[in-house]
Amino acid sequence: MQFRNFRMVNYVVYGRGSFDQLDEILAPNRKGDAPMIFLLDHFFKGKALAGRIPLQGRDKLIFADVTYEPKTTQVDQLASALKEEFGTVSGIIGIGGGSTMDLAKAVALMMTNEGSSADYQGWDLVKVPGVYKVGIPTISGTGAEVSRTCVLTGPTRKLGMNSDFTPFDQIVLDPALTTNAPVNQRFYTGMDCYIHCIESLQGTYLNEFSKSYGEKALELCQEVFLHKDKWDDHSDDQLMMASYAGGMSIAYSQVGVAHAVSYGLAFLLGTKHGIGNCIVFNHLEAFYPEGVREFHEMVKKNNIDIPTGVCKNLTDAQFDTMINVSLGMKPLWENALGKDWEKIMTRERLRALYERL
Ligand SMILES: [Fe+2]
């Protein structure tokens with residue numbers, strides 16, 4: 001038995017207003033006059049947060065276009081533009097949701113690794129450490145702040161650069177940054193966390209490490225989305241810790257059916273992760289009966305619409321593309337259904353599932 005020996009985030013600061021410590025946190029990590037590069041979710045263009053970025057010297061603020069989830073081409077372009085402009089940089093700071101944080105991780109790695117980020121999609125392919133990187137979530141649930149991957153859509157697959165060099169050196173968890181997240185988006189992203197918990201806790205890879213974090217994260221999700229009548233500041237505090245703990249839970253286990261199926265949707269249709277997971281999870285009662293029942297309750301209580309009919313007009317070739325991408329996520333299926341997963345989740349059964357979405 002080979003036990004996983006994984007890297008974690010080096011430094012964590014948590015608390016309302018902790019974002020104001022960023023300048024102080026970055027100071028000892030500055031290398032001469034090499035700039036810090038801030039990648040800020042374009043949602044914050046013209047908003048107060050953009051004016052609170054602690055720019056010094058040659059530092060640069062870039063608004064990250066995360067209309068679509070990060071692509072390997074976007075990562076490569078950003079990294080080569082930065083190399084051209086500055087030669088080297090002190091670090092990359094990603095401020096936003098999962099897409100922005102993953103983009104920051106990938107660009108930081110591509111500042112030092114040769115070739116294209118597409119060459120490193122997979123497990124443990126990254127050769128050398130990237131530059132210093134910081135993650136600052138402005139919406140809670142993805143777990144990207146703690147994960148050892150950065151999910152990218154490449155020419156042939158949607159897969160992360162999963163490596164020991166991928167986790168952030170520092171994360172800043174300031175729940176006040178999530179206060180103004182749009183209600184629907186907050187729900188979809190929060191459900192990403194809820195689904196991480198269900199998939200981890202119901203998975204065959206589960207151990208006491210994953211279970212401890214998963215149960216706490218699940219409890220926090222239930223508290224904010226089910227047991228409270230109104231969203232308040234404390235809900236933001238709780239969901240931010242749920243995201244962290246949910247991410248820690250899957251660090252030692254794995255996600256499952258909803259993620260494997262939604263990666264296919266994302267690859268073909270560009271469906272974003274949070275909403276894609278909801279679209280899929282909505283129909284997974286055969287795999288996660290209790291979780292799906294509770295999910296339906298949360299959808300109702302929070303007055304959210306989950307899209308349906310997204311695969312209505314697809315061709316056989318398009319279904320095949322989704323099925324190929326999805327079945328390629330072997331560890332996810334194995335965690336969800338056990339070693340014999342290929343006998344359980346046949347192409348026909350997966351096709352029938354996609355047709356229902
Ligand atoms: Fe996820």
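Which side chain of opposite charge is nearest to Glu294, a residue that is buried yet has no salt bridge? In this predicted model, local features need pLDDT of at least 70 and side-chain atom pairs count only at pLDDT 80 or more, while totals for chains, interfaces and linings use all residues. Residues are numbered from 1 along each chain as its sequence is written, and side-chain values use heavy atoms, with hydrogens and water left out.

The nearest side chain of opposite charge is that of Arg293, 4.8 Å away from Glu294. Here Lys and Arg count as positive and Asp and Glu as negative, whereas His and the chain ends are not counted. A salt bridge requires a side-chain nitrogen of Lys or Arg within 4 Å of a carboxyl oxygen of Asp or Glu. Buried denotes under 20% relative accessible area, exposed over 50%, and partly exposed the range in between (1.4 Å probe, protein chains only).

When neighbours within four places in sequence are left aside, Glu294 is in contact (heavy atoms within 4.5 Å) with Tyr194, Gln222 and Leu226.

An iron ion is coordinated at 2.1 to 2.2 Å by Asp192 (OD), His196 (NE2), His259 (NE2) and His273 (NE2). Donors are N, O and S atoms within 2.8 Å of the metal (3.2 Å for Na, K and Ca); water is not among the atoms, so sites may look incomplete. The spacing of the donor residues in sequence is D-x3-H-x62-H-x13-H. Among these residues, Asp192 is buried, with a relative accessible area of 1%, and His259 is likewise buried, at 2%.
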